[in-house]
Number of protein chains: 2
Amino acid sequence: MSDVAHRAGVSAATVSRALNNHPTVHPELVERVRQAATELGYQPNRVARSLRRRAGSVWALVISDIENPFFTSVARGVEDVALQSGYSVVLCNTDENLARERRYLDVVLAEQAAGVVIAPASDRTDISLLRDHGVPAVTIDRRIHNVDVDSVVVDNFAGAKRAVIHLLEAGYERVACISGPAKLTTAVERRNGYVAALRESGRGVDRRYIRQADYRVEGGYQAALELLELTPPPDALFVANNLMAAGAMRALRERGLDVPEAIGVVGFDDSPWAPLMAPALTIVEQPTYRLGTEAARLLLRRLRDPSASTEAVVLATELRVRESSRRPRP
Amino acid sequence: MSDVAHRAGVSAATVSRALNNHPTVHPELVERVRQAATELGYQPNRVARSLRRRAGSVWALVISDIENPFFTSVARGVEDVALQSGYSVVLCNTDENLARERRYLDVVLAEQAAGVVIAPASDRTDISLLRDHGVPAVTIDRRIHNVDVDSVVVDNFAGAKRAVIHLLEAGYERVACISGPAKLTTAVERRNGYVAALRESGRGVDRRYIRQADYRVEGGYQAALELLELTPPPDALFVANNLMAAGAMRALRERGLDVPEAIGVVGFDDSPWAPLMAPALTIVEQPTYRLGTEAARLLLRRLRDPSASTEAVVLATELRVRESSRRPRP
DNA sequence: CTGTTAGCGCGTTCAC
DNA sequence: GTGAACGCGCTAACAG
């Protein structure tokens, strides 16, 4: 930096101001500094900058399962608006593991990230650490209890309810539910939507038909097998996430059950392979990319005005009917 | 830090030495310092540490398509061994875009990453920047031309050749190839394997049967449609990556072509949905997780001994025969 | 509008 | 074996 200053015939402070678009610096000097900087191939040392400014220029996107296309799409959304605003974003994968999540939050803090977008691994994930250190955070997908924080989620309850009503209207009688971990708000909200749909249609709720799995392929597979052992077995499945839906479909195929004739299936959240499966899977579609851009927007807003009141965005879902829920009328 | 020093009745320098396991510090003092540190909840400021040490403790994993499960699995591998060695790893997604890749490399440099594992977006990606600044790098999946760097790849040539021989042995006559971007070594190596298999079997190579797509779903879809327009159309497809294979299968389904009866298909690289498709897709399996752990191993080695001679690891692939290539004998 | 000065929080020389 | 002093590269105060 002092080389640049020397070459431009100014002081280091002016180099700093020029390169950071400080308004009070003479245009001609800005030009000279820019010139000298490019000639010398000068790149500001962001670590030193972070140390001094006490805030870096990268966002951390903390997600809970990098293998789920849901998060990859969200990531695209966050990234696109971050880059536009001069921030870079790096991904941290927690694997739904609280210890790993904690570790990454420490790293984020110690590395002085400018902000954090996080899909909490639990409804009690502690983000107070972040706030205590002045690092703004936005939660996505899942909620945290009793914490006042900017957030973006989808309307899981309505989406799930709509899906189950769709199955009932198609003529299925015994709809079962494969839900997710109780520590995730998405799982309980989707289960609640399932229950509400049954109630409103005047049916009772058989708790044996509700299985709690882990949002992973294998979990969905196991849960589906267990449900099929019941008497009478369900004739439709509402599966609360995309990965488990894939597992459930495999279970049905192995058991030789025809979908949608013998059993109907609706998943929650789309995936690249859902339309390719045989039969193509009906799902509740989430605006994943938009989830990311909204989160980024909230983070940007908070960065500009730390004292703004918190905002909670709720996005709508949409039922995408394909083949797996089209029961032939008797 | 000075608080800790004060509480432990020592100087800041001793705190630093104690916390970094410097051998020359008295065991009793180490204990006092540790005590004081935990009591005060002291966490070293990693930014300041990076500035001083001129190297941080996070690795950057620069990948080219976060939506491809191939990379997510590799990421797991890298992460698992990095965490074990006290490093954290963050992901950067380049989208096969050279400008974005360049930008992330600048960020990585400026943020003083301890090391980089990168799947280059092109065979001419410029790694020299990293080396000039003393940041060790390991390339994975794709090679870079004319650069001496630690690398981990799979044997694409052999894998592709094996796949095509499998199709020929199954009785298919006119095998076409959907390859990837010419700037990626994986694409040309897989295409070469395809050509070699045809040659060795005494067949000619019809260049019209070779299509170059972009490693994405839509590209595979389009390429397959084009191939089907040919006269005579191919009766088998070797598709050089998993995403394009999904697109190709969709094209075949739309055209009403039965797989594997009317046309056989083999993909390269597995995916969660490949076994779920109808018919289940035959693929060349890559040791993705191992790719990640090997890359991490090389990086660790280089970190410990910067002057070690470079190592190039080549991992074997394995043909996983499922349904899409099982041609019924006439 | 620009230059000078003084740290940001550490790790590393030197003396002792 | 330990402490004092210095500097990593940058930016925020202040003074001019």
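Two strands count as paired if DSSP finds at least two bridges between them, and strands themselves are DSSP runs of E with at least two residues, while helices are runs of H or I with at least four, both numbered from the N terminus. With that in hand, let me start in chain B, where β6(B) and strand β7 (residues 210-212) pair in the parallel sense over 3 bridges.

Before I go on, a word of caution: this is a predicted model, in which local features need pLDDT of at least 70 and side-chain atom pairs count only at pLDDT 80 or more, whereas totals for chains, interfaces and linings use all residues. Residues are numbered from 1 along each chain as its sequence is written, and chains are lettered from A and ligands numbered from 1 in the order in which they are written.

Back to β6(B), then, which also runs parallel to strand β8 (residues 236-239) of chain B, joined to it by 4 bridges. Which residues stand opposite B:I178? In β8(B) the partner is B:V239, and in β7(B) it is B:R211. Strand β6 (residues 175-179) of chain B is mostly covered, with 5 of its 5 residues buried, where buried means that 20 or more other C-beta atoms, placed from the backbone, lie within 10 Å of the residue's own. B:V175, B:C177 and B:S179 point one way from the strand, and B:A176 and B:I178 point the other way. Together with helix α9 (residues 185-200) of chain B and β7(B), β6(B) makes a right-handed β-α-β unit, in the sense that, with the strands pointing away from the viewer, the path from the first strand over the helix to the second runs clockwise.

Turning to chain A, its secondary structure comes to 12 helices and 12 strands, and of its 330 residues 50% count as buried. Its C-alpha atoms fill a box of roughly 85 × 40 × 30 Å along the principal axes.

One helix of chain A deserves a closer look. α11(A) has 13 residues and reaches 19 Å from its first C-alpha to its last, close to the 18 Å expected at 1.5 Å a residue, the expected span being 1.5 Å times one less than the number of residues. Its buried residues, among them A:L243, A:M249 and A:L252, pack against α5, β6 (175-179), α10 (217-229), β8 (236-239) and β9 (264-268) of chain A. A:G256, whose phi is positive, near 75 degrees, follows the helix.

How do the two chains meet? The contact takes 34 residues from chain A and 33 residues from chain B, with two residues in contact if their C-beta atoms, placed from the backbone, lie within 7 Å. On the side of chain A, the elements giving two or more residues include α5 (69-84), β2 (88-93) and α11 (242-254).

Finally, the DNA, where near means a C-beta atom, placed from the backbone, within 6 Å. Around DNA strand C there are 23 residues, of which A:H26, B:M1, B:A13, B:S16 and B:N45 come nearest, and α4(B) gives the most to this surface, with 5 residues. DNA strand D is surrounded by 22 residues, the closest being A:M1, A:S16, A:N45, B:T14 and B:H26, and here the largest share, 5 residues, comes from α4(A). At least two residues of the surface near strand D are supplied by each of α2 (12-19) and α4 of chain A and α2 (12-19) and α4 (46-53) of chain B.

Note on methods
Buried ≥ 20, exposed ≤ 12 C-beta atoms within 10 Å, placed from the backbone.
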